[in-house]
Amino acid sequence: MGNPRVDSRRRWALAAALLLALALGLRFAAAGREGPDRRPRPDALEYAGIAAALAAGDGYVYPLEGALLPPRYPPGAPLALAPATAVRGARDAWIGAALWSSLAVLLTGLLGAAAAGWVGFWVAGTVAALSPLSVAYGGLAMSEGPVQALVAAALLGAAVAPWRRAALPARTGALVLCGVALGWMALTRVPLLAFALAPAAAALAQRAGWVARARAALWVGLAPLLAVLAMAYWQERHLGSFTRTGYHLWAPEVYVDNAHLVLSTHWLTNVLAGHWETPHPVRYLFGLIGVARDSFGGSLWAPATALLAAVGLVVAVRGARHCPVRRALVLGALSCAVLLGFHLVYAWQDLRFLAPFVPVVAALAGVGAAQLARVLGAARVWPTGAKAVAVLAVVAVAVGPLLQLAPRIAARRTEPPSATATLAAMGRAIQDNALVVVDLPAPLAREAFGDGRELMFADLDSADPHLVRTQLFDIQGKNGATPQVVALATLGEVDPEALARLQAALAADRPVYWLSTPGEGVAGPALELLASAGASLQPTAHAGLLRLAPPPAPR
């Protein structure tokens with residue numbers, strides 16, 4: 001006969017491996033061209049660029065056309081994505097997001113298991129693995145995947161730390177895990193420190209006296225304190241004030257000129273015209289019950305998940321006094337409420353801001369499913385017992401998300417190659433001394449065409465959102481340089497010097513190519529001027545890459 005304890009560990013290890021494989025498989029199967037193309041922009045473009053700079057040893061900067069610029073976004077997410085960029089650069093940052101998102105699924109499943117056993121594991125793991133929004137952002141160079149993993153880690157640590165049966169090193173390790181997760185969250189988005197409630201309660205729950213509680217509080221609080229102080233020091237040194245963030249530098253029209261609207265009750269009843277149609281409370285309510293969809297990623301979860309989570313929250317509240325795991329989940333739900341309160345008055349509206357809720361809601365859904373299975377099985381309401389109820393719960397939370405994910409995954413088989421791959425093929429076909437006119441972000445163009453070819457932007461407004469802002473607001477790099485930009489048009493005005501430079505290249509018989517963002521056509525005021533002067537665009541072997549021919553010589 002085998003050892004029951006060893007057999008149980010093997011079953012749990014196998015279940016964890018299966019759940020992790022499911023999460024990884026879904027995220028890579030659903031990932032498409034948006035990841036390597038660094039969409040949505042400018043967010044993913046900058047996250048990936050900072051991550052690549054960190055991996056290359058350049059520090060916390062956004063490198064752009066010769067300048068090392070102060071980033072707009074905090075360093076937490078780029079730190080998480082940086083290892084994935086070590087080999088091929090920023091184009092692979094999305095792979096880091098996929099790995100973090102898959103880790104979040106595993107940790108969420110373990111959190112559900114700690115709260116409600118096997119039923120909790122499979123229900124929580126299924127919700128997290130199949131969340132359409134989590135799957136979508138798990139294929140993008142964004143912060144949602146790392147944030148979900150950090151939230152799940154903090155709550156899991158808070159759940160384990162107060163266990164009396166756990167050895168002291170395990171309890172200390174759980175508290176350190178809480179602290180590191182909170183510190184990383186503080187470096188990602190400061191409002192995420194709302195999730196400090198459960199770890200703080202776990203530290204105060206130590207039963208060995210005030211000295212042990214103070215030591216536990218130190219383990220939990222040291223990392224987030226250092227993170228906040230480090231960011232304050234960086235902002236004071238590079239932005240002029242510890243209260244000034246990268247948002248103030250890159251978007252002064254919002255964070256300086258309209259600072260009173262960044263956090264305002266105005267958004268409880270009003271909408272920003274041209275951006276969204278319903279006030280924040282309505283949009284987020286529909287998101288929480290699982291019927292609203294993010295423009296990029298789909299819904300957070302199925303309505304059945306919201307219902308099971310509501311049941312689980314009631315059960316967890318009733319058991320919070322005696323069960324540290326359920327107490328952690330209740331405090332996690334309270335943290336979600338605090339974070340929701342922040343986003344209700346925050347100017348920008350986006351369903352992905354609720355992505356940190358997924359581990360909490362998934363684990364609570366596992367508790368709710370386990371409770372229903374226990375009650376219905378004991379009362380013999382369901383003929384085949386508690387197992388059938390648990391299976392039905394897994395199916396209920398999975399069907400809706402699967403119906404959203406299936407078309408997304410199927411579409412990936414027939415979609416064209418990413419712009420990054422297309423540009424790389426074009427780059428191999430262009431002569432080293434060529435002048436290339438582009439209408440796409442500088443990092444993508446520089447990756448494809450390298451430093452040996454001269455780049456010129458067709459229209460800076462549509463090409464690179466970062467370059468436009470460096471010109472508008474005179475943003476300088478930490479190395480004292482400003483991005484060296486040559487653009488035929490900026491803000492609708494043609495630059496005569498750039499146009500003359502282009503005409504001189506044509507007259508000198510240099511190879512000149514015109515490239516728009518793949519799939520978006522070729523247009524622009526400078527092109528119209530060249531066409532009126534007799535210059536013409538000739539097709540090449542690569543769709544979207546055109547050779548600019550000079551006007552015919554006068555007879």
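**Views of a predicted protein chain**

**View 1. How much of the chain is tucked away?** Of the 555 residues in the protein chain, 51% are buried, meaning under 20% relative accessible area with a 1.4 Å probe and protein chains only. This is a predicted model, where local features need pLDDT of at least 70, side-chain atom pairs count only at pLDDT 80 or more, and totals for chains, interfaces and linings use all residues. Residues are numbered from 1 along each chain as its sequence is written, and side-chain values use heavy atoms, leaving out hydrogens and water.

**View 2. The overall build.** Look for 22 helices and nine strands; these are DSSP runs numbered from the N terminus, with at least four residues for a helix (H or I) and at least two for a strand (E). The C-alpha atoms fill a box of roughly 100 × 50 × 50 Å along the principal axes. Among contacts (heavy atoms within 4.5 Å) between residues at least 6 apart in sequence, 71% join residues at least 24 apart.

**View 3. A hairpin of two strands.** Strand 8 (residues 536-539) and strand 9 (residues 545-549) pair in the antiparallel sense over four bridges; pairing requires that DSSP finds at least two bridges between two strands. Here you can find Leu-537, whose bridge partner in strand 9 is Leu-548.

**View 4. The turn of the hairpin.** How many residues lie between strand 8 and strand 9? There are five, and Gly-544 in this hairpin takes a positive phi near 95 degrees.

Terms used
Buried means under 20% relative accessible area, exposed over 50%, partly exposed in between (1.4 Å probe, protein chains only).
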